[in-house]
Amino acid sequence: MQNLLDFDADGLTAWFAEQGEKPFRARQVLRWMHRSGVADFDAMTDIAKSLREKLKARAVVAPPTVVSDKLSDDGARKFLIGVGSGNAVETVFIPEDDRGTLCISTQAGCALDCAFCSTGKQGFNRNLTVAEIIGQLWQANNALGAVHGDERVISNVVMMGMGEPLANYDNTIAALRLMLDDHAYGLSRRRVTVSTSGIVPAIDRLREDCPVALAVSLHAPNDALRDELVPINQKYPLKSLMAACLRYLEKAPRDFITFEYTMMAGINDSDAHARELLALVRHVPCKFNLIPFNPFPGSPFRRSPADRVRRFGEILIQAGIVTTTRKTRGDDIDAACGQLAGQVRDKTRRTAGGVIPIQELRS
Ligand code: SAH
Ligand code: SF4
């Protein structure tokens, strides 16, 4: 059985052609699935009964299951999305006055092992399928009542959940295309953001294949420190990363790169680090997003004090760089940045496994 949520528009059209069906039929089904949130072929009322029977025999519309759905005191809503074998990834909806942002995951675990990241510390389990990535938007839309032509509740999507999107390149691109497709979610490129730890060749591919807004996880102003915090830096050091950012801007839907910078006390948060950062990015049009470190069990780091984050931000702002400090949202339900692994109690399984056994998540 083919899961039709695993296709972007082109893929669906090609599959329909293999079944002897016309492209406009594929488009109708695409709209039912993604615009109307319909999974049942019999509810696709403008599709001929004979085609519905054919589809039922050969295909399914199977989004991943929502294992749990929790509301935080500050309005953030966290969904645990089942990815088989009793494991789950996380999706977080963050409502704000002028927008609703869905933070989605692209991998179960992550192989890149950044020193301060809970997902990284779990190791890599597997890439999510297209259906599992786009299915997070599908499920959140359904849960938030956003289907059937209602006002758009989810206006922005950020790939800032678990995993490195550019390490699951093909599935990420197909999911991005569905997000942008007018017959599916119709989001603007400016409102869809890929966050990457800096896989340079993949940034170049993204620029050609599907240039959406780009966030780059910087976290350090020099190679010596970044090699430690973000090990992929050993392969793609800062000079090559800055050059890739400049190339990306030639095609990007926004005229700046967002640099994310997780602030850890005594590690990367001094005035000298801020000034070194200014020198590093002086040729790159950018904004900074400072993220106070979110602790998780077993991590050796501490969050920078609020006045340190403020002072660090001031140095960037005085140099003319728009700098925001991310509010820590959803941390009462472990939905804050870098906590998107729940709290795994069993350390041995954590290092060996790489996924979150649901029964081990703190409820
Ligand atoms: N893999 C991608 C996207 C997922 S992480 C990336 O690394 O960019 C989303 C953001 O949260 C990244 O900037 C990441 O570095 C940051 N982050 C990870 N762990 C964190 C933690 N414990 N506290 C604060 N931010 C964290
Ligand atoms: Fe992976 Fe991003 Fe975490 Fe690094 S910060 S380990 S790239 S999810």
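Which ring does the charged end of Lys287 sit over? The ring of Phe256, at 4.1 Å from its centre. Bear in mind that this is a predicted model. There is another contact of this kind. The charged end of Arg205 sits over the ring of Tyr169, 3.9 Å from the centre.

On to aromatic pairs. The structure holds six of them. Take Phe259 and Phe288. Their rings are 5.5 Å apart, centre to centre, with 45° between the planes, and the pair is tilted. Phe259 is in strand E12, residues 257-263, and Phe288 is in strand E13, residues 286-292, so the pair ties together parts 29 residues apart in sequence. Buried or exposed? Phe259 counts as buried because its relative accessibility is 0%. Phe288 is buried too, with a relative accessible area of 1%. Elsewhere, Phe7, Trp15 and Phe16 form one aromatic cluster.

Now the annotated sites. The UniProt entry is unreviewed. Under "binding site" it lists Gly163, Glu164, Ser195, Ser217, Leu218, His219 and Asn294.

Start with Leu218. Where is it? In the loop between strand E11 (213-217) and helix H8 (223-229). Leu218 is buried, because its relative accessible area is 0% and the limit is under 20%. What does Leu218 touch, beyond residues up to four places away in sequence? The list includes both Phe259 and Phe288, the tilted pair from a moment ago. It also includes Glu260, Arg226, Val230 and Met242. Leu238, Leu241, Leu277, Leu280 and Val281 are on it as well.

Next, Ser195. This residue is in strand E10, residues 192-196. At 9% relative accessibility, Ser195 counts as buried. Setting aside neighbours within four places in sequence, its contacts include Glu164 and Ser217, both of which are listed in the "binding site" annotation. Met159, Met160, Pro165, Ala215 and Glu260 are also in contact with Ser195. Glu260 appears in the Leu218 list as well.

What about the "active site" annotation, again from the unreviewed entry? It covers Glu90 and Cys337. Glu90 is in strand E5, residues 87-95. With 0% relative accessibility, Glu90 counts as buried.

Last, ligand 2. Which residues surround it? Cys110, Leu112, Asp113, Cys114, Cys117, Gly120, Gly163, Glu164 and Ser197. By class, that shell divides into four nonpolar, three polar and two charged. Gly163 and Glu164 in this shell are also in the UniProt "binding site" list.

Notes
Residues numbered from 1 in each chain as written. Chains lettered and ligands numbered in written order. Predicted model: local features only at pLDDT ≥ 70, side-chain atom pairs only at ≥ 80, totals over all residues. Heavy atoms only, no water. UniProt positions renumbered as here; feature names shortened; annotations may be inferred. Helix = DSSP H or I, 4+ residues; strand = E, 2+ residues; numbered from the N terminus. Buried < 20%, exposed > 50% of the residue type's maximum accessible area, 1.4 Å probe, protein only. Near = heavy atom within 4 Å. Nonpolar A, V, L, I, M, F, W, Y, C, P; charged D, E, K, R; others polar. Phe/Tyr/Trp six-rings, centres within 6.5 Å; stacked < 30°, edge-to-face > 60°. Lys NZ or Arg CZ within 6 Å of the ring centre and 35° of its normal. Contact = heavy atoms within 4.5 Å.
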